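Q: Please choose one part of this model and examine it closely. Then explain, for a newcomer to structural work, how other parts of the model may be read in a similar way.

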Amino acid sequence: MNRRNFIQSGAVLGGGLLISFTIPKANKLAALAGKADETAFAPNAFLNIATDNSITVYLSHVEMGQGIWTTLPMLIADELDVDLQRITVKHGQVNKAFNHVIYGVQITGGSSSTWSEFDRYRNAGATARTLLMQTASARSGVALENCKTEAGFVIAGGKQYAYGDLAADAAKLPVPAKVTLRSPDTWKYIGKGQRRLDARVKTNGSAQFGMDVQFPGLLTAVVAHAPVFGGKVVSFDAAKAKTVPGVRQVVQIPTGVAVIADHFWAAQQGRKALKVTWDHGSGINLNTTAQTEAYRKLAATDGLQVQQKGDVKTTFAKAVKTISAEYVFPYLAHAPMEPLNCTVKIEKDSCEIWCGTQLPGGDRAAAAKILGFKPEQVKVNVPFLGGGFGRRATPASDFVSEAVHVAKASGKPVKMVWTREDDMKGGFYRPFYVHNVRIGVDNEGLPIAWNHNIAGQSIMADAAVLFGPPPAIDDTTVEGVKGSPYLDGIADHFVGLHTTKEVVPVLWYRSVGGTHTGYVMETLIDELAHNAGQDPVEYRRKLLKNHTRHLAALNLVAEKGGWSQPVPAGRFKGVAVHEAFGSVVAIIAEVSVDNGLAHVHKVDCAIECGLAVNPEGVKAQMESGIIFGMSMATYGNLTIVNGQLQQNNFYDYRITRMYEAPQINVYIVDSKEKMGGAGECAVPPTAPAIVNAIFAATGKRIYNLPIINTRLEQKV
């Protein structure tokens, strides 16, 4: 029984959920696959209206849980004036038309999908609506200004035309260079909470993820990778592996040795029977303990100047008190729920790939290079992604390239699967960081001197294939400290960076630099408030007096979260506020401490994100970001001994479980500010809000994550 059958059977047996087995009507159009219906109306790459009245919206970004399967069609539905529920949604193929408007490549990331597409998708819908009205005007003889649209029809005088009836003729008209967008007071969907269009297929099991791809002749492959970072194959013996029933081939590829079988179980058993001799290389010398000490020494000195103002060293002499702190952050794994996988079918002069990827264009280019093809000879099909968090946007196209190598070496169509252990022990990671901070305060307890150094690997150093040679200062390492509103008000401060190099591959991770910089800044501000004997919210209000968006989020969460109200006996509150990806999120966490552990009971969250296109989607992103931030802070920890990563799967790399999830309340600031992202910005303030509450409960500051490594005792 496969996953889908299991879900369907379970739902039927449960009796509480009516499962629809209806297969959505197959779209007759495949405009971007070269099979377009010539009578269809496709005024741009984002929208297709067929003569049968079906409407298809193509996503330039991928849906990986962030909700754009609904949000981007909402933009077109309002401009096109159609029922949102009528729209069929598909991932777009690799196409320059889908390149990110800022990044210049086809990529999903940076919490940018909605704000970056807000104008483009609205224009796509408005362009189509204009052409349809022009067609109706010409057909009816009614002046264009006297035509109007209503729920998928053009009304021209006494006549009414369905969009599909106009599609063929509209497709022949020249596309206007500029169109008028509809007034916000006509919006039916934008700014109003909408249910997700992908909810049904993801709950009845009919949604197609990469792991679901199957066709006759498809084999399954797993790869034996070097156990030590940077290791290579010296030799291998496949004799026993080939005796496993179902194993077809064993082939060496650049990244290891692949076992190819009729199914996953056989491939796994074959890999266990495989004998490989490895050259471990210099990676064998890497140990977390030694790495920590080395980074601590680095961070204790001034690094390459990131941000400097005034004369920080002189000002320390004027301070009435100095606070020093050192923070250590471990490597973290993305650990998406759907294990990495990629299916590859190579023909004589073409290649077809099925893969849940955040970077389809880069993956296509990598595959073409391996095969000696032109990029247009490679087709990348993008199904739903079972979580990404940055892991499926690898500049090196690591697992896609590996799958192509396996298919090429074997001469067979293969679905390559990385088990979670494969990815956790040999994937890409949030880098290891150490911060060293000294703060001098005046007699009112306010900071007057701030010296801050960070040591860690550069993410952008390995992204040159996408964005060119990396700058000396990787902003993803220092964002959140660099440009901090708190530093903005300190006349004398210095921020420095030590960029380190390791054999451990690193990659952007949900909320990127904010995962560590937000923690440092917000726990330090809490410490300063405590030392000043001031309320943490009031203290922040003083420092953020010139930052209206921060204040808006902070004030809303303080009001709604009842900051000044008493909490139940044994519970304590902590607060944090952080800006990331163009939005500001403030969080109040309510915790208790029992038997040495902290328990998070309630989290109140306020976001200032400008226009919330789908408020329900924004709330969902806040909830998921808070749970993600809780997991990271409470349990996230990867350690390395002799170059080998020690953790394996969710049993020893835990995430927050359902029974641990707190009550979460989300509030959205009513704002006219520029739109920001929502996918990642709840992660950074979650951890500091929790540990600030733990301090209130215990009097203990936590400088080394994860929290689980610190035994806690509540204050008497």
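A: **A loop residue and its wider setting**

The loop between β5 (147-150) and β6 (153-156) holds Ala-151; strands (E, at least two residues) and helices (H or I, at least four) are DSSP runs, numbered from the N terminus. The model is predicted, so local features need pLDDT of at least 70 and side-chain atom pairs pLDDT 80 or more, whereas totals for chains, interfaces and linings use all residues. Residues are numbered from 1 along each chain as its sequence is written, and side-chain values use heavy atoms, with hydrogens and water left out.

Although Ala-151 is not a glycine, its phi is positive, at about 50°. With 39% relative accessibility, Ala-151 counts as partly exposed (buried is under 20% relative accessible area, exposed over 50%, partly exposed in between, with a 1.4 Å probe and protein chains only). Asn-53, another residue other than glycine, has a positive phi near 75°. Asn-53 sits in the loop between β2 (47-49) and β3 (55-59), and its relative accessibility of 25% makes it partly exposed.

A further backbone feature occurs in the segment after α19, where Pro-706 is placed. Leu-705 and Pro-706 are joined by a cis peptide bond, with omega about 10°.

Ile-707 leads to the interior. Together with Trp-450, Trp-508 and Met-622, Ile-707 touches the most other members of the largest nonpolar core, which has 117 residues (a core is a set of buried Ala, Val, Leu, Ile, Met, Phe, Trp, Tyr and Cys residues joined through side-chain atoms within 4.5 Å). Leaving aside neighbours within four places in sequence, Ile-707 is in contact with Ala-633, Thr-634, Ile-690, Val-691, Ile-694, Ile-702 and Leu-712, contact meaning heavy atoms within 4.5 Å. Apart from that core lies another, of 45 residues, including Val-57, Leu-166, Ala-207 and Val-613. In soluble globular proteins, nonpolar side chains tend to be buried together.

Charged side chains can be paired by a simple rule: a salt bridge is a side-chain nitrogen of Lys or Arg within 4 Å of a carboxyl oxygen of Asp or Glu. The count by this rule is 29 salt bridges. One of them joins Arg-701 to Asp-526, at 3.0 Å from N to O. This pair links distant parts of the chain, 175 residues apart: Arg-701 is in the segment after α19 (683-698), and Asp-526 is in helix α15. Arg-701 and Asp-526 are both buried. Elsewhere, salt bridges with shared partners join Glu-63, Arg-196, Asp-198 and Lys-202 into one network.

Arg-540 and Glu-522 form another salt bridge, their closest N and O atoms lying 2.8 Å apart. Here too distant parts of the chain are linked, with Arg-540 in helix α16 (residues 536-543) and Glu-522 in helix α15 (residues 514-531), 18 residues apart. Both Arg-540 and Glu-522 are buried.

The salt bridge between Arg-296 and Glu-293, at 3.1 Å from N to O, lies within one element. Both residues belong to helix α7 (residues 288-299), where Arg-296 and Glu-293 are 3 residues apart, about one turn of the helix. Arg-296 is partly exposed, at 33% relative accessibility, and Glu-293 is partly exposed as well, with a relative accessible area of 37%.

Finally, the loop between β4 (87-91) and α3 (113-140) contains Ile-102. Ile-102 is exposed, with a relative accessible area of 55%.
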